[in-house]
There are 2 protein chains.
Amino acid sequence: MQRIPKISESEWEIMKVIWRSSPITAEQIVLQLPADIEWSDQTVRTFINRLLKKNAIGFEKSGRSYHYYPLVSEQECVRAESQSFLKRVFGGAADLMVTNFLEEAHLSDKEIERLQRILTEKQEKQEKKDSRPKA
Amino acid sequence: MQRIPKISESEWEIMKVIWRSSPITAEQIVLQLPADIEWSDQTVRTFINRLLKKNAIGFEKSGRSYHYYPLVSEQECVRAESQSFLKRVFGGAADLMVTNFLEEAHLSDKEIERLQRILTEKQEKQEKKDSRPKA
DNA sequence: CTTATTGAATTACACTTGTAAATGAAAGGC
DNA sequence: GCCTTTCATTTACAAGTGTAATTCAATAAG
């Protein structure tokens, strides 16, 4: 009964398309997959069906073909995957993980500045919260 | 022939123990696994064997039992997993990912400051590089 | 109406993963 | 030297994944 079904690597590709443009037909999904992915129609339909079984997506009949739409939000799924990744690789330590990314990734000056702004905002928000009497 | 074998979730737990203290016997691995993991000895030995097959670890006989040690570094594996995660969930955009984590994770003031320091350092390093004539 | 086409649903099949049990081999106990 | 214990190796087996082919059902073409 867990809220968010486990979505496999291939299924993620399908979900990303559906999140981007739903409702959408199987045919359109095939077309909108990134060019470097070369799956047969059948393969794509298999993934669609598995996502249906997992209740990750739903559909509405529209004459001959189905229009699929997400039943779980990208937000939720990203969060779930991130949690799982974090736990597996960094034992759950978010700051460790961010540190690692900051050090490994080559970020542009712009990006670094943006991140600093976000951090500063977060800091200010927390200070405000701390100065309130705790409920 | 890819450098870093794919390490499953359970196998990661084993690897983390081996990275922490190697060379190490199967028995010790069992003992050093986090307390909330309850695998039978056999299960742990299965994972160890799979890691051997994948060439993620090696061993040296020492009389009755084996002493296992890593053949791939934690660094490498973390990097590989991160890449894979990044690609799957964020389409490869590292800054997006970091942003997301900063916003979702509850970081303490200390952690935020530490991250800011890291960012500042990175920024300074990049400026230095930029002021050099490009090779 | 019969046939060809086009989705969707079912079936397939090998590989991985989680979870062990069974078997084999070596070493220690007596 | 035989029996038990203890590792390691082999085998097991169901669920999930990657990758489709096959079958079924409805629609379009003639």
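Start by selecting A:Arg50 and DNA strand D: in this predicted model, an N or O atom in the Arg50 side chain of chain A sits 2.8 Å from a base nitrogen of the strand. Now click on A:Gln42, whose side chain has an N or O atom 3.4 Å from a base oxygen of DNA strand D. For a look at the backbone of the DNA, try A:Lys6: here a side-chain N or O atom is 3.3 Å from a phosphate oxygen of strand D.

Next, colour the elements that give two or more residues to the surface near DNA strand D: helix H1 (9–20) and helix H3 (41–53) in chain A, plus helix H3 (41–53) and strand S2 (65–70) in chain B. Which element gives the largest share of that surface? It's H3(A), with five residues.

Zoom out a bit and you'll find 20 residues around DNA strand D, with A:Ser8, A:Thr46, A:Arg50, B:Arg45 and B:Tyr66 the closest. Of the strand's atoms within 4 Å of the protein, 57% belong to sugar and phosphate.

Now hide the DNA and show where the two chains meet. Here 43 residues of chain B contact 42 residues of chain A, and the area buried between them is about 4300 Å². Pick out B:Arg88, B:Phe101 and B:Leu119, the residues of chain B that lose the most area to chain A.

Then select A:Glu104 and B:Arg79, a salt bridge whose closest N and O atoms are 2.6 Å apart. The count between the two chains is six salt bridges.

Last stop: H6(B), which gives the most to the side of chain B that touches chain A, 14 residues.

How values were computed. Residues are numbered from 1 along each chain as its sequence is written. Chains are lettered from A and ligands numbered from 1 in the order in which they are written. This is a predicted model: local features need pLDDT of at least 70, side-chain atom pairs count only at pLDDT 80 or more; totals for chains, interfaces and linings use all residues. Side-chain values use heavy atoms; hydrogens and water are left out. A residue is near a molecule or strand if one of its heavy atoms lies within 4 Å of it. A polar contact is a pair of N or O atoms within 3.5 Å; within protein, one must be able to donate a hydrogen and the other to accept it, and residues adjacent in sequence count only if both atoms are side-chain atoms. Helices (H or I, at least four residues) and strands (E, at least two) are DSSP runs, numbered from the N terminus. Contact means heavy atoms within 4.5 Å. Buried area is the accessible area (1.4 Å probe) that two parts lose on being put together, summed over both. A salt bridge is a side-chain nitrogen of Lys or Arg within 4 Å of a carboxyl oxygen of Asp or Glu.
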